[in-house]
Amino acid sequence: MQMTTRPHYKSNLGFTSYSFLADKQTLIKKTIVTDSLVSKSRISCYCPTMTADDHHHHSCKFLPKRIILVRHGESEGNIDTAAYVTTPDNKIQLTSLGLAQARVAGTRLLDLISNSSNSTTNWRVHFYVSPYQRTRSTLREIGRSFERERIVGVKEECRIREQDFGNFQIEERMKVIKETRERFGRFFYRFPEGESAADVFDRVSSFLESLWRDIDMNRLHKEPCELNLIIVSHGLTCRVFMMKWFKWTVEQFEHLNNLGNCEFRVMELGDGGEYSLAVHHTDEEMLEWGMSPEMIADQKWRIHANRGDWNDNCSWYFDAFFDHLNTDLDKESDEQTNDSSTKCV
């Protein structure tokens with residue numbers, strides 16, 4: 001079978017090549033995706049009679065409706081840090097309050113998904129959970145709110161575990177270490193025998209690549225439905241996840257507040273295929289989380305943005321580095337000023 005290939009063209013997602021299968025006159029589009037969230041090749045059939053909007057809706061209909069990040073319920077370590085002296089972090093249990101919080105969170109999640117004005121009756125949930133005992137217990141209690149038929153799957157995912165603070169944690173030593181972290185910076189400070197938030201960022205980035213691959217290959221659901229991904233994890237890991245997804249800077253991360261126990265963040269699919277926190281959450285909520293007005297404006301832009309679009313109005317994408325450079329208009333104005341100043345009077 002002969003195949004001829006046209007030159008590569010650059011799209012807003014990466015590089016695209018078009019090839020013809022000679023015997024069937026079928027046009028195959030191959031896009032090499034270079035976006036930082038996705039490192040893979042996507043191959044899709046292209047029909048010349050379809051409009052751009054048709055292609056857009058075709059590519060978006062398999063995307064999850066929501067990606068919901070949930071922090072675990074109150075744990076023994078949250079109320080008494082001495083628990084870490086004798087108990088490994090991954091074996092810290094939920095308190096009775098933490099179990100109750102998780103059950104309430106399950107009720108709230110069910111209400112959010114089933115009663116949304118945009119929801120259909122044909123919705124499903126898929127869970128990812130950290131392997132730590134407190135997150136597993138949180139998921140077990142959340143799951144009580146859902147009928148078995150609504151749950152299409154669950155995966156234990158080690159890459160969304162808690163930041164590693166070391167092995168057994170001596171209370172007085174950890175107090176000094178955490179004071180040092182505040183002076184050094186929360187993102188880059190690495191705990192002795194443990195991790196920095198930057199290390200967590202690296203493994204969360206790897207998880208996101210796997211997540212997108214699962215979505216792209218339709219592994220998460222076998223039949224068309226409104227899919228909701230619920231990720232039960234830890235406070236810092238959830239913040240790092242959003243930092244990676246929305247391309248927030250280290251400085252912006254440093255200003256974010258931690259999630260409360262069993263608090264969740266809802267990333268909902270917008271009109272054009274981008275995810276946004278502003279679909280479900282209010283400006284006041286996002287300000288309380290430590291997000292700046294610019295970050296909130298970006299979330300609102302994402303509600304109607306097309307998938308793969310770039311928000312040129314985000315100061316941290318360009319102006320943070322090049323705001324001191326003259327634009328072409330500035331140069332023209334300067335040249336006109338210089339010309340007028342050199343004229344003989």
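1. Which residue forms a salt bridge with Arg159? The partner is Glu157, and the closest N and O atoms are 2.8 Å apart. Arg159 is partly exposed, with a relative accessible area of 22%. Glu157 is buried, at 13%. The cut-off for buried is under 20% relative accessible area, so Glu157 falls in that class. Please keep in mind throughout that this is a predicted model.

2. Salt bridges across the structure. A search of the whole structure finds 19 salt bridges. One of them joins the side chains of Lys155 and Asp214, at 2.9 Å from N to O. This pair links distant parts of the chain. Lys155 sits in strand E8 (residues 151–156), Asp214 in helix H7 (residues 197–216), and 59 residues separate them. Lys155 is partly exposed, with a relative accessible area of 34%. Asp214 counts as buried, at 7% relative accessibility.

3. A salt bridge inside one helix. The side chains of Asp298 and Arg302 meet at 3.0 Å, N to O. Both residues belong to helix H11 (residues 293–304). They are four residues apart, about one turn of the helix. Asp298 is buried, and Arg302 is buried too.

4. A salt-bridge network. Lys65, Arg66, Glu226 and Glu268 are joined into one network by salt bridges that share partners. Glu226 also figures in a contact between distant parts of the chain. Its C-alpha atom is separated by 8.6 Å from that of Leu63, although the two residues are 163 residues apart along the chain. Leu63 lies in the loop between helix H1 (52–60) and strand E6 (66–71). At 8% relative accessibility, Leu63 counts as buried.

5. The largest cavity. The structure holds two cavities of 30 Å³ or more. About 40 Å³ of space lies in the largest. Its lining is made up of Arg239, Met242, Trp248, Leu256, Asn257, Leu259, Arg265, Trp289 and Met291. By class, that lining has six nonpolar residues, one polar residue and two charged residues.

6. The second largest cavity. Its volume is about 30 Å³. The residues around it are Leu69, Ile160, Ile231, Ser233, Thr237, Cys238 and Phe241. Two elements give two or more residues to this lining: strand E9 (226–233) and helix H8 (235–246). Which element gives the most to the lining of the second largest cavity? H8 does, with three residues. By class, the lining has five nonpolar, two polar and no charged residues.

7. Cys238 and Leu259. Cys238 lies in helix H8 and is among the residues that line the second largest cavity. Leu259 is one of the residues that line the largest cavity. The C-alpha atoms of Cys238 and Leu259 are separated by 8.2 Å, with their positions 21 residues apart along the chain. Is Cys238 buried or exposed? Cys238 counts as buried, because its relative accessibility is 2% and the cut-off is under 20%.

8. A nonpolar patch on the surface. Phe318, Phe321, Phe322 and Leu325 form this patch. Together they have about 430 Å² of accessible area. Phe322 lies in helix H12 (residues 319–322). Phe322 is partly exposed, with a relative accessible area of 39%. A patch residue needs over 30% relative accessible area, so Phe322 passes that cut-off.

9. Backbone angles to check. Most residues other than glycine have a negative phi. Glu193 has a phi near 65°, a positive value in a residue other than glycine. Glu193 is placed in the loop between helix H6 (171–184) and H7. Glu193 is exposed, with a relative accessible area of 59%. Lys247 has a positive phi as well, about 60°, although it is not a glycine. The place of Lys247 is in the loop between H8 and helix H9 (250–254). Lys247 counts as partly exposed, at 24% relative accessibility.

Terms used:
Residues are numbered from 1 along each chain as its sequence is written. This is a predicted model: local features need pLDDT of at least 70, side-chain atom pairs count only at pLDDT 80 or more; totals for chains, interfaces and linings use all residues. Side-chain values use heavy atoms; hydrogens and water are left out. Patches are made of residues with over 30% relative accessible area and no salt bridge: like charges are joined within 9 Å, nonpolar side chains (Val, Leu, Ile, Met, Phe, Trp, Tyr) within 5 Å. Accessible areas come from the Shrake-Rupley method with a 1.4 Å probe; for residues, only the protein chains shown count as cover. A salt bridge is a side-chain nitrogen of Lys or Arg within 4 Å of a carboxyl oxygen of Asp or Glu. Buried means under 20% relative accessible area, exposed over 50%, partly exposed in between (1.4 Å probe, protein chains only). On a 1 Å grid over the protein atoms alone, a cavity is a set of points where a 1.4 Å probe fits but cannot get out, and a pocket is an open set with protein on both sides within 12 Å along at least five of seven lines; lining residues have an atom within 4 Å of a point. Grid points are joined across faces, edges and corners, and a volume is the space filled by probe spheres set on the points. Ala, Val, Leu, Ile, Met, Phe, Trp, Tyr, Cys and Pro count as nonpolar, Asp, Glu, Lys and Arg as charged, and the others, Gly among them, as polar.
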